[in-house]
Amino acid sequence: EKYTKEKEEIEKYGELKFDDIKIMANISVPQEIEVAKKKGADGIGLFRTEFLFVGRDNPPSEEEQYLVYKKALETFYPEEVVIRLLDIGGDKKIEYLAVDNEENPFLGLRGIRLLLKHKEILKTQLRALLRASAHGNLSVLVPMVTLPEDIEKLLEIIQETKEELLAEGKEIGSFKLGIMVEVPSVIWLIEKIAPYIDFVSIGTNDLTQYIFAADRNNPSVAKYYQDEHEVIFEIIATIAEKAKKFNLPVGVCGELAGKLGATEKLSQLGVTKLSVSPFKVPFIKRKIYEIQTGQERTYKG
Ligand code: PEP
Ligand code: MG
């Protein structure tokens with residue numbers, strides 16, 4: 001019973017809002033839109049669209065995607081909804097998007113690399129996003145960006161897609177564009193990529209895997225996979241410092257964002273968005289409240 005009361009008390013923290021940091025939700029399936037809203041998320045910080053594409057024989061149509069994205073945008077309006085372009089490859093596979101057998105899938109055709117090779121899938125998703133953007137505050141996030149040319153090519157395709165929609169007389173809005181910082185090369189290329197984008201989101205899951213050369217799913221090397229290592233915080237500090245020069249907001253959307261032991265450090269480093277599992281939103285908000293008020297709010301039943 002004490003447990004239930006404590007839980008109820010924590011849930012109340014979901015309603016809090018902070019001026020300098022947003023606690024947003026990571027979601028994967030449309031049903032989580034409502035869950036995230038109920039938990040008090042200040043928007044969606046990462047919509048992993050892979051789950052709309054897996055477990056079926058063909059990709060979702062433009063209309064099907066449009067309706068899901070629109071729902072998320074309308075539910076959270078005027079708050080931001082960050083929808084990530086399809087991040088297939090690595091350990092996430094779909095049959096109708098066949099990739100030649102790869103010896104090292106995590107170092108292979110993944111995320112934007114794969115999308116640039118399957119332009120029809122990319123364009124369908126962009127069409128749905130551009131149309132949905134008329135219904136809310138949309139940001140589009142690009143996974144696995146490695147080089148500036150990934151974004152240069154994507155921007156050309158976005159432009160082409162916009163022109164096609166306008167020529168068809170379709171209603172479109174606009175979105176902000178951001179990249180996942182999850183491939184180490186980006187730490188040194190961020191200045192070259194910055195002019196093309198509006199924000200960055202640090203994906204500590206893949207970043208940790210690539211920095212420590214330890215497969216995120218392989219228990220045999222789990223001891224090398226240290227997402228709370230000083231090295232990771234130093235990288236986040238570097239990215240935050242560089243991003244500041246370009247006025248790019250910095251978020252964290254990997255598992256690290258939902259770890260209570262990391263919250264204070266991340267906020268001190270200038271991270272202004274933490275995106276976490278919906279159920280963690282009230283816990284992280286309580287932690288921020290404690291940090292900001294200097295009050296320890298443990299439940300005293
Ligand atoms: C990440 O890599 O940290 C991330 C948030 O993306 P995913 O876990 O979907 O690869
Ligand atoms: Mg990732």
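## Surroundings of ligand 1

In this predicted model, ligand 1 is surrounded by L46, R48, D87, E182, G203, T204, N205, D206, C253 and G254. Two elements give two or more residues to this shell, namely β2 (44–48) and α9 (204–211), and α9 supplies the largest share, with 3 residues.

Sorted by class, the residues around ligand 1 comprise 4 charged, 4 polar and 2 nonpolar.

## The barrel

The strands β1-β2-β3-β4-β5-β6-β7-β8 form, in that order, a closed barrel of 8 strands with parallel pairing, and the twist from one strand to the next averages 25°. Strand β2, which belongs to this barrel, is also one of the elements that give two or more residues to the shell of ligand 1.

One pairing can be followed at the level of residues: strand β5 (residues 176–181) runs parallel to strand β6 (residues 199–202), and 4 bridges join the two. Within this pairing, G178 has F199 in β6 as its bridge partner.

## Helix α10 and its two partners

Two packed helices are described by the angle between their axes and the distance between the axes. Helix α9, already met at the ligand, packs with α10 at an angle of about 120°, the axes lying 11 Å apart, and the crossing of the two helices is right-handed. On the α9 side the contact is made by T204, L207, T208 and I211, and on the α10 side by V231, I232 and I235; by class, these residues divide into 5 nonpolar, 2 polar and no charged. T204 therefore appears both in this contact and in the shell around ligand 1, because the two lists of residues each contain T204.

Helix α8 (residues 185–193) also packs with helix α10 (residues 230–245), in this case at an angle of about 5° and with the axes 10 Å apart, which makes α8 roughly parallel to α10. Here I187, I190 and E191 of α8 meet I235, T238, I239, K242 and A243 of α10, and the contact has 5 nonpolar, 1 polar and 2 charged residues. I235 of α10 takes part in the contact with α8 and also in the contact with α9.

## Helices α4 and α6

The axes of α4 and helix α6 (residues 119–132) come within 8 Å and cross at roughly 40°, an angle that makes α4 oblique to α6. The crossing of this pair is right-handed.

From α4, the residues E62, Q65, Y66, Y69, K70 and L73 meet T124, Q125, R127, A128, L129, R131 and A132 in α6. The contact divides by class into 6 nonpolar, 3 polar and 4 charged residues.

## Backbone details in two loops

A cis peptide bond leads from Y77 to P78, with omega near 5°. P78 is found in the loop between α4 (62–76) and β3 (80–84), so that this loop follows the helix that packs with α6.

M144 has a positive phi of about 65° although this residue is not a glycine. Its place is in the loop between β4 (137–142) and α7 (148–167).

Technical notes:
Residues are numbered from 1 along each chain as its sequence is written. Chains are lettered from A and ligands numbered from 1 in the order in which they are written. This is a predicted model: local features need pLDDT of at least 70, side-chain atom pairs count only at pLDDT 80 or more; totals for chains, interfaces and linings use all residues. Axes are lines fitted to C-alpha atoms, for helices over the stretch in contact, and angles run from 0 to 180 degrees between N-to-C directions. Angles under 35 degrees count as roughly parallel, over 145 as roughly antiparallel, 65 to 115 as roughly perpendicular and the rest as oblique. Two residues are in contact if their C-beta atoms, placed from the backbone, lie within 7 Å. Ala, Val, Leu, Ile, Met, Phe, Trp, Tyr, Cys and Pro count as nonpolar, Asp, Glu, Lys and Arg as charged, and the others, Gly among them, as polar. Two strands pair if DSSP finds at least two bridges between them. A residue is near a molecule or strand if its C-beta atom, placed from the backbone, lies within 6 Å of it. A crossing is left-handed if the near helix is turned anticlockwise from the far one by less than a right angle, and right-handed if clockwise.
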